[in-house]
Amino acid sequence: MKALPLRGEHLQAFRKALLWWYSVHARDLPWRRTRDPYKIWVSEIMLQQTRVASMTRVYRAFIAIYPTVPALALAGEDEILARWSGLGYYKRARKLHEAARLIMDSHHGKMPQTYLDLLKLPGVGKYTAGAVASIAFGEPVAVVDGNVERVIMRLMGATTVNAQMRKRIDVMAQRLLAPEEAGTFNQAMMELGAMLCHPRQPACIQCPVREFCRTQGEHPTVVRPRTNKVNIAYQVLRRSKKNPPQVLLLRRPTDAAQMSGMWELPLADPVQMHRQHPVWRTMHTITHTQYMVTVYDGGVAEEELQSEGREICWANGIALQDLPLTGVTRKILMHLQMMPRPLDGTADPSNSHLLPAPVAHGPQPSPYGQRRNVANVDAGEE
Ligand code: SF4
């Protein structure tokens with residue numbers, strides 16, 4: 001398709017059109033109201049592999065509790081993981097914490113101010129370093145996330161991504177960048193990819209840079225990976241003397257490959273449970289796996305669980321908020337009103353689908369199969 005060349009006066013026109021569109025249509029997001037490099041850094045780390053709708057509440061609460069690098073560095077890891085609960089991919093939180101401590105030790109608590117210095121922080125890659133350096137400090141470095149990659153590929157008329165193409169995309173991203181307004185321009189490119197240049201059915205008719213685009217919506221459809229469906233069951237063991245009752249949780253091993261050290265409900269053995277009515281059924285989607293979750297009240301005795309050698313705790317109400325819970329455990333406990341919901345009423349917007357009521361009876365999958373599913377659940381959340 002014929003498109004204006006992205007050089008000279010046309011390049012200037014491209015930048016102007018995109019920046020104008022962004023000034024009018026940008027979403028009002030909390031991290032866009034600040035130039036504080038720490039807050040921008042936190043937001044960029046949270047946004048990796050998490051949708052804006054899912055992370056905004058967690059971001060606000062996180063920044064309220066840890067408003068500065070020292071506040072984060074001084075906090076305990078368990079506490080940070082608890083505040084991260086719902087976002088998944090907990091390695092990001094651990095790296096963020098590690099980096100905050102390094103900033104305290106090596107930079108007197110001040111965020112590094114250049115792309116190259118930011119790159120030296122644990123958990124900070126090219127994308128995050130570029131985003132913080134350009135948005136907070138105005139450094140003219142282009143950022144390329146999945147959205148920007150898609151926009152540039154379409155502008156160039158490219159259809160396949162490989163290592164060579166990625167290099168070309170990086171070069172093009174840097175060429176397109178408006179150096180005087182690097183941070184705003186980078187955000188505008190990301191916003192265009194998120195809001196108009198969708199993976200499927202891009203809204204080209206509304207696109208501010210359509211005349212520069214070689215594909216204008218004519219592109220191969222992106223094939224979505226197949227979603228796997230997995231059944232899994234949990235049990236809720238209560239101690240009813242307290243109000244609200246305490247619930248029993250197991251700690252994942254500290255050397256677990258995913259979500260190490262986090263707390264979760266014990267898995268239920270469907271063979272033992274087949275006579276019981278579940279108290280809840282729900283779906284929990286993690287990356288490309290959809291978990292059909294069944295929750296039972298009661299189950300295996302505490303002594304039996306201890307024999308598996310896992311650390312156990314009983315907790316209730318507010319105390320649960322301070323524990324690093326896995327996402328599905330948190331969701332179940334909120335639904336059963338065993339822990340408070342966030343004040344804004346949202347629980348886990350990315351992952352909350354209540355299934356209609358019918359309760360299944362009869363043969364259930366092997367408990368050993370269920371146990372193997374634990375690793376699957378966690379693989380996506382880490
Ligand atoms: S014209 Fe369409 S395909 Fe091209 S950049 Fe704009 S939204 Fe994307």
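These notebook entries record what I looked up in the structure.

**Overall chain**

I began with the status of the model, which is predicted. I then counted secondary structure and found 16 helices and eight strands in the chain. For burial, I noted that 35% of the 382 residues are buried. I also looked at the separation of contacts along the sequence. Of the contacts with a separation of 6 or more, 69% are between residues 24 or more positions apart.

**Surroundings of the ligand**

I next listed the residues around the ligand, which number 14. Those that come nearest are C197, P202, C204, C207 and C213. Sorting the shell by class gave me nine nonpolar, three polar and two charged residues.

**Helix α11 and its two partners**

I examined helix α11, residues 182–195, against helix α9, residues 146–156. I recorded an angle of about 80 degrees between them, with the axes 8 Å apart. Angles of 65 to 115 degrees count as roughly perpendicular, so α9 and α11 are described in that way. On the α9 side, I found N147, V148, R150 and V151 making the contact. The α11 side supplies M189, M190, L192, G193 and A194. By class, I entered six nonpolar residues, two polar and one charged for the contact of α9 with α11.

I then turned to helix α8, residues 126–137, which also packs with α11. Here I noted an angle of about 130 degrees and axes 6 Å apart. The consequence is that α8 lies oblique to α11. From α8, the contact involves A131, S134 and I135. From α11, I listed A182, G183, N186 and Q187. The contact of α8 with α11 has three nonpolar and four polar residues, and no charged residues.

**Strand β3 and its pairings**

I followed strand β3, residues 246–251, through its pairings, beginning with strand β2, residues 238–239. The two strands are antiparallel and share two bridges. I identified V247 in β3 as the bridge partner of R238.

With strand β7, residues 312–315, I found that β3 runs antiparallel and is joined by four bridges. In this pairing I noted L248 opposite W314 of β7.

I also found an antiparallel pairing of β3 with strand β4, residues 263–264, again over two bridges. There, L250 has E264 of β4 as its bridge partner.

**Residue S43**

I located S43 in helix α2, residues 37–47. Is S43 buried or exposed? I counted 23 other C-beta atoms within 10 Å of S43, and S43 is therefore buried; the cut-off for that class is 20 or more. Setting aside neighbours within four places in sequence, I found S43 in contact with W31 and Y59. For S43 and W31, I recorded 12 residues of separation in sequence and a C-alpha to C-alpha distance of 6.4 Å.

**Helix α15 and the residue after it**

Which residues of α15 are buried? I listed G327, V328, T329, R330, K331, I332 and L333. This helix, residues 327–335, is thus entered as mostly covered, with seven of its nine residues buried. I closed with Q337, which follows α15 and has a positive phi, near 60 degrees.

Note on methods
Residues are numbered from 1 along each chain as its sequence is written. This is a predicted model: local features need pLDDT of at least 70, side-chain atom pairs count only at pLDDT 80 or more; totals for chains, interfaces and linings use all residues. A residue is near a molecule or strand if its C-beta atom, placed from the backbone, lies within 6 Å of it. Ala, Val, Leu, Ile, Met, Phe, Trp, Tyr, Cys and Pro count as nonpolar, Asp, Glu, Lys and Arg as charged, and the others, Gly among them, as polar. Axes are lines fitted to C-alpha atoms, for helices over the stretch in contact, and angles run from 0 to 180 degrees between N-to-C directions. Angles under 35 degrees count as roughly parallel, over 145 as roughly antiparallel, 65 to 115 as roughly perpendicular and the rest as oblique. Two residues are in contact if their C-beta atoms, placed from the backbone, lie within 7 Å. Two strands pair if DSSP finds at least two bridges between them. A residue is buried if 20 or more other C-beta atoms lie within 10 Å of its own, exposed if 12 or fewer, and partly exposed in between; C-beta atoms are placed from the backbone.
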